[in-house]
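Please walk through this model with the sequence and the structure side by side. The paragraphs below move from the surface to the contacts between side chains.

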Amino acid sequence: MSKLLTHILILFIPLTPTLILHMLVVKKNWFSSWCIPIATHTFGKNKTWRGVLFVPLANGFFCLLLGIFLQRNLLYFLGVGIALGLAYIVAELPNSYMKRSLNIPPGGRHPKYPFLFLLIDKADSITGVLLMYYFLADITLSESMYIFILAMGLHLAVSTLLFKLKIKSSI
């Protein structure tokens, strides 16, 4: 298996079901006792400790399953999965802060620049995940850029699908 394909598998296979499951957790209000805003004034009411706990743990689980399937170092895969899940969540916080500073509601877009904010909404978490992965794995800058483009397309496609299925309230 090529090195690039291995990176794509490690990044996309666990995170995709993790994030879809997280949207269901939010929609169905599962683990409601964890639904405590991190800092309402700073990040809004939608950034909660539930996401901070759930996404890394779920991603660690799915990454562990991938490690079992690929017959690789399971502890490494678990650790990478947790780290990437946490990076995904943490990387969304600056964007949330910026939107709250501009009085843009959670899930909303800037009225003058909706497309730009859509791209920022998708790129923030991908950038955080790729930065974390860059420090954890043997990945080049060109591989990271290629994966970024693929991830943006996948992120937009999955968000659109979840919106059409009424699991997500916005793309």
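Which residues make the nonpolar surface patch of about 450 Å²? The patch is made by Ile36, Trp49, Leu53, Leu57 and Ile82. This is a predicted model, in which local features need pLDDT of at least 70 and side-chain atom pairs count only at pLDDT 80 or more, whereas totals for chains, interfaces and linings use all residues. Residues are numbered from 1 along each chain as its sequence is written, and side-chain values use heavy atoms, with hydrogens and water left out.

Patches are built from residues that have over 30% relative accessible area and no salt bridge, with like charges joined within 9 Å and nonpolar side chains (Val, Leu, Ile, Met, Phe, Trp, Tyr) joined within 5 Å; the accessible areas come from the Shrake-Rupley method with a 1.4 Å probe, and for residues only the protein chains shown count as cover. Helix 3 (residues 49–70) gives the most to the nonpolar patch, with 3 residues. Helices (H or I, at least four residues) are DSSP runs, numbered from the N terminus. Leu57, which is found in helix 3, counts as exposed because its relative accessibility is 52%, where exposed means over 50% relative accessible area, buried under 20%, and partly exposed in between (1.4 Å probe, protein chains only).

Helix 3 also takes part in the aromatic contacts. The structure holds 5 aromatic pairs, a pair being rings of Phe, Tyr and Trp (its six-membered ring) whose centres lie within 6.5 Å, with planes under 30 degrees apart counted as stacked, over 60 as edge-to-face and the rest as tilted. One of them joins Phe31 and Phe54 in a tilted arrangement, 5.9 Å centre to centre and with 35° between the planes. Phe31 lies in the loop between helix 1 (3–28) and helix 2 (40–43) and Phe54 in helix 3, so the pair ties together parts that are 23 residues apart in sequence. The two rings are covered to unlike degrees, since Phe31 is partly exposed with a relative accessible area of 41%, whereas Phe54 counts as buried at 9% relative accessibility. Another pair, that of Tyr134 and Phe135, is edge-to-face, with 5.8 Å centre to centre and 85° between the planes; here Tyr134 is partly exposed at 42% and Phe135 counts as exposed at 67%. Phe31 and Phe54 also belong, together with Trp34, to one aromatic cluster.

Charged side chains provide further links. The structure holds 5 salt bridges, each defined as a side-chain nitrogen of Lys or Arg within 4 Å of a carboxyl oxygen of Asp or Glu. Lys3 forms a salt bridge with Glu143, the closest N and O atoms being 3.7 Å apart, and this pair links distant parts of the chain, with Lys3 in helix 1, Glu143 in helix 6 and their positions 140 residues apart in sequence. Lys3 is partly exposed, with a relative accessible area of 35%, whereas Glu143 is buried at 13%. Both residues are linked with Asp138 in a network of salt bridges.

A second salt bridge joins Glu92 to Lys47, with the closest N and O atoms 3.0 Å apart; the pair links Glu92 in helix 4 with Lys47 in the loop between helix 2 and helix 3, 45 residues apart. Glu92 is buried, with a relative accessible area of 16%.

Which residues does Asn95 touch, not counting those up to four places away in sequence? Asn95, placed in helix 4 (residues 74–101), touches Ile120, Asp121 and Asp124, where contact means heavy atoms within 4.5 Å. Asn95 counts as buried because its relative accessibility is 7%. Its side chain is joined to that of Asp121 by a polar contact of 2.5 Å, the term standing for a pair of N or O atoms within 3.5 Å, of which, within protein, one must be able to donate a hydrogen and the other to accept it, while residues adjacent in sequence count only if both atoms are side-chain atoms. Asp121 also meets Lys99 in a salt bridge (3.4 Å, N to O), a pair that links helix 5, which holds Asp121, with helix 4, which holds Lys99, across 22 residues. Asp121 is buried at 14% relative accessible area, and Lys99 likewise counts as buried at 6%.

Technical notes. Helices (H or I, at least four residues) and strands (E, at least two) are DSSP runs, numbered from the N terminus.
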